[in-house]
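Q: I am new to reading protein structures and would love a close look at a single part of this one. Could you walk me through one strand and its surroundings, step by step?

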Amino acid sequence: MAKAVWKNQTIAESDTVVEVEGNLYFPLDAVRREFLEPSERTTRCPWKGEARYYHIVVGNDCNVDAAWFYPNPKPAASNIKDHVAFWRGVAVER
């Protein structure tokens with residue numbers, strides 16, 4: 001079972017994560033969306049495509065751009081469609 005935790009809140013939990021480049025991607029249905037707020041940030045990966053971001057909000061604390069996903073990944077990264085990954089102080093453990 002993998003977990004993503006920030007500020008003592010479990011943001012995501014699943015035993016069906018996908019690991020890509022050392023990052024664990026959680027299926028959308030395993031993510032507690034009440035802690036996510038859409039961000040305007042985007043980045044581009046040459047083989048995965050365009051990433052979009054979420055801020056993680058717990059109480060009055062906001063972790064800016066701490067989660068990302070690929071809404072339309074390129075074919076080589078199709079296994080992470082509808083998955084979210086975390087960074088910036090979010091503890092992700094297996």
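A: Happy to! Let's start with a residue that is easy to spot from outside: Arg 44 is exposed, because its relative accessible area is 60%, and the cut-off for exposed is over 50%. Keep in mind that this is a predicted model.

Now look across from Arg 44. The residue standing opposite is Glu 50, in strand β6. These two also form a salt bridge, with their closest N and O atoms 3.7 Å apart. Side chains of opposite charge can pair when their charged atoms come close. Glu 50 has a relative accessible area of 32%, so this residue counts as partly exposed. Following Arg 44 to Glu 50 has brought us to β6, and that is the strand to examine closely.

Strand β6 covers residues 49-58, and eight of its ten residues are buried, so the rest of the structure largely encloses this strand. Buried here means under 20% relative accessible area. What lies beside β6?

On one side there is strand β5, residues 36-45, which pairs with β6 in the antiparallel sense over seven bridges. One of the matched positions is Pro 38, whose bridge partner in β6 is Tyr 54. The connection between β5 and β6 is a hairpin, with three residues joining the strands.

β6 also pairs with strand β7, residues 61-69, again in the antiparallel sense, here over six bridges. Val 57 stands opposite Cys 62 of β7. These two strands form a hairpin as well, with two residues between them. Gly 59 sits in that turn and has a positive phi of about 60°.

Next, try following one residue of β5 towards its neighbours. Ser 39 is placed in strand β5, and its relative accessibility of 5% is why it counts as buried. Leaving aside residues up to four places away in sequence, Ser 39 touches Arg 52, Tyr 53, Tyr 54, His 55 and Asp 65. You have already met Tyr 54 as the bridge partner of Pro 38.

Asp 65 in that list deserves a pause. Asp 65 is found in strand β7, and at 9% relative accessibility it counts as buried. Its backbone has a notable angle too: phi is near 55°, a positive value in a residue other than glycine. Another example is Arg 88, which is not a glycine either but has a positive phi of about 55°. Arg 88 is found in the loop between β8 (83-86) and β9 (91-93), and it counts as partly exposed because its relative accessible area is 39%.

Let's return to the loop between β5 and β6, this time for its charged side chain. Glu 21 and Lys 48 meet through their side chains in a salt bridge, at 2.5 Å from N to O. Glu 21 lies in the loop between β3 (18-20) and β4 (23-27), while Lys 48 lies in the loop between β5 and β6, so the pair ties together parts that are 27 residues apart in sequence. The partners are set quite differently in terms of surface: Glu 21 is exposed at 56% relative accessible area, whereas Lys 48, at 4% relative accessibility, counts as buried.

A search of the whole structure finds five salt bridges. Besides the pairs above, the side chains of Arg 32 and Glu 34 meet in a salt bridge at 3.0 Å, N to O. Arg 32 counts as partly exposed at 34% relative accessibility, and Glu 34 counts as exposed at 54%.

Finally, step back to see where β6 fits. The protein has nine strands and zero helices. Of its 94 residues, 46% count as buried. Among contacts between residues at least 6 apart in sequence, 44% join residues at least 24 apart. The radius of gyration is 12 Å, which agrees with the value near 12 Å for a compact globule of 94 residues. Along the principal axes, the C-alpha atoms fill a box of roughly 35 × 30 × 20 Å.

So, to gather the picture: β6 is largely enclosed because eight of its ten residues are buried. It pairs with β5 over seven bridges, and with β7 over six.

Key
Residues numbered from 1 in each chain as written. Predicted model: local features only at pLDDT ≥ 70, side-chain atom pairs only at ≥ 80, totals over all residues. Heavy atoms only, no water. Buried < 20%, exposed > 50% of the residue type's maximum accessible area, 1.4 Å probe, protein only. Helix = DSSP H or I, 4+ residues; strand = E, 2+ residues; numbered from the N terminus. Pairing = 2+ DSSP bridges. Contact = heavy atoms within 4.5 Å. Salt bridge = Lys/Arg side-chain N within 4 Å of Asp/Glu carboxyl O. Rg over C-alpha atoms; globule rule 2.2 N^0.38 Å.
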